[in-house]
Amino acid sequence: IVEQPINFKSEEDQQQLAKYNADIMVVVAYGLLLPEVILNAPRLGCINVHGSILPKWRGAAPIQRSLEAGDERTGVTIMQMDKGLDTGDMILTAECEVENTDTSASLYDKLANLGPTALVDTLTIMAEPNYQASAHNTVQDNALATYAHKLDKTEAELNWQLSANELHRKVRAYIPWPVSQFTFAESESKQYRLRIWQASVQEYQGNANPGTILKADKEGIEIATTDGSLRLEVIQLPGKKALAV
């Protein structure tokens, strides 16, 4: 049975859930905190599939923040939900490597492949006659917790005062939304908003000001940063499709 109420605060929604007399409730990508009356309704409570290895990246945008931070590994956590935001005890985790070419879109697909197997394994564990949450589950270490703030489209503006590595991570993290971008001035009267769909870090040890275009050729547009340079390889002009440079 699949339910997606607006917020589970109405008595009608709560009564509907109680009628199921459920053993367990699985929550995936719901985006809202559940009231305690809902958390306690199923016999085994509510479990959640979260897109990070908790307690790292609690919150709304764990995939994007993991990429932005340069994490080398991430994964999914199946946790027993409590009244906090992604603070419940961990039942099971499954990890994967973060490649240097991963975007939020590709990393989402990786985690989407991990999640179902991890969920089935968790349900199998919880169905065992001798399962006891207090003995099996792992309490999160709050001292190690980080928060994955919800993305804001204003974050997409590229700041050339950052290093090439930092900018590259942001480009990857913001695909498919909000997509990294900046204003390219061909002249005082001709300016374009360019969206960046693919880029790579290049070694550059010169002293050009950050934001300076170093060269433009069939391999891309290379722009100076405070540390190294960023080569733009797939860009999108306003109203156009994304194209290789």
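## Briefing on a two-domain predicted model

Setting aside neighbours within four places in sequence, S180 is in contact with A156, L158, K170, V171, Y174, L194, R195 and I196. The residue sits in the loop that runs between α6 (164–173) and β7 (181–185). S180 has a relative accessible area of 0%, and because this value is under 20%, the residue counts as buried. The structure is a predicted model, and its protein chain is assigned a domain 1 (11–148) and a domain 2 (153–244).

**Domains**

- The C-alpha centres of domain 1 and domain 2 are 35 Å apart.
- In the contact between them, domain 1 takes part with 14 residues and domain 2 with 9 residues.

**Nonpolar cores**

- In soluble globular proteins, nonpolar side chains tend to be buried together.
- The largest nonpolar core in this model holds 22 residues, and the members that touch the most others are I47, L107 and A118.
- At least two residues of this core come from each of β2 (46–50), α3 (62–69), β4 (73–80), β5 (90–97) and α4 (104–126).
- The largest share is that of α4, which contributes 6 residues to the core.
- Beyond its neighbours within four places in sequence, L107 has contacts with I63, L67, T74, C96, V98 and D102.
- A second core, separate from the largest one, has 14 residues, with V171, F182, I223 and L232 among them.
- V171 thus appears in two settings: as a member of this second core and as a contact of S180.

**Helix α3 and its surroundings**

- Helix α3 is mostly covered, with 7 of its 8 residues buried.
- The buried residues in α3 are P62, I63, Q64, R65, S66, L67 and E68.
- Two of these, I63 and L67, are in contact with L107.
- The elements that cover the buried residues of α3 include β2, β3 (58–59), β4, α4, β6 (147–148) and α6.
- Just after α3, G70 adopts a positive phi of about 80 degrees.

**Largest pocket**

- The volume of the largest pocket is about 1000 Å³.
- Its lining is made up of 38 residues, and those closest to the pocket centre are A29, Y30, V49, H50 and G51.
- The elements β1 (25–28), β2, α3, β4 and α4 each provide at least two lining residues of the largest pocket.
- Helix α4 gives the most to this lining, with 8 residues, and α4 also has the largest share of the largest nonpolar core.
- Sorted by class, the lining of the largest pocket comprises 24 nonpolar, 11 polar and 3 charged residues.

**Second largest pocket**

- The second largest pocket has a volume of about 390 Å³.
- This pocket is lined by 17 residues, and I1, V2, E3, M25 and V26 are the ones that lie nearest its centre.
- Both α1 (11–20) and β1 supply at least two residues of the lining of the second largest pocket.
- Strand β1 gives the most to this lining, with 4 residues, and β1 also supplies at least two residues to the lining of the largest pocket.
- By class, the lining of the second largest pocket has 15 nonpolar, 1 polar and 1 charged residues.

Technical notes: Residues are numbered from 1 along each chain as its sequence is written. This is a predicted model: local features need pLDDT of at least 70, side-chain atom pairs count only at pLDDT 80 or more; totals for chains, interfaces and linings use all residues. Side-chain values use heavy atoms; hydrogens and water are left out. A nonpolar core is a set of buried Ala, Val, Leu, Ile, Met, Phe, Trp, Tyr and Cys residues joined through side-chain atoms within 4.5 Å. Buried means under 20% relative accessible area, exposed over 50%, partly exposed in between (1.4 Å probe, protein chains only). Contact means heavy atoms within 4.5 Å. On a 1 Å grid over the protein atoms alone, a cavity is a set of points where a 1.4 Å probe fits but cannot get out, and a pocket is an open set with protein on both sides within 12 Å along at least five of seven lines; lining residues have an atom within 4 Å of a point. Grid points are joined across faces, edges and corners, and a volume is the space filled by probe spheres set on the points. Ala, Val, Leu, Ile, Met, Phe, Trp, Tyr, Cys and Pro count as nonpolar, Asp, Glu, Lys and Arg as charged, and the others, Gly among them, as polar. Domain bounds come from an automatic or database domain assignment.
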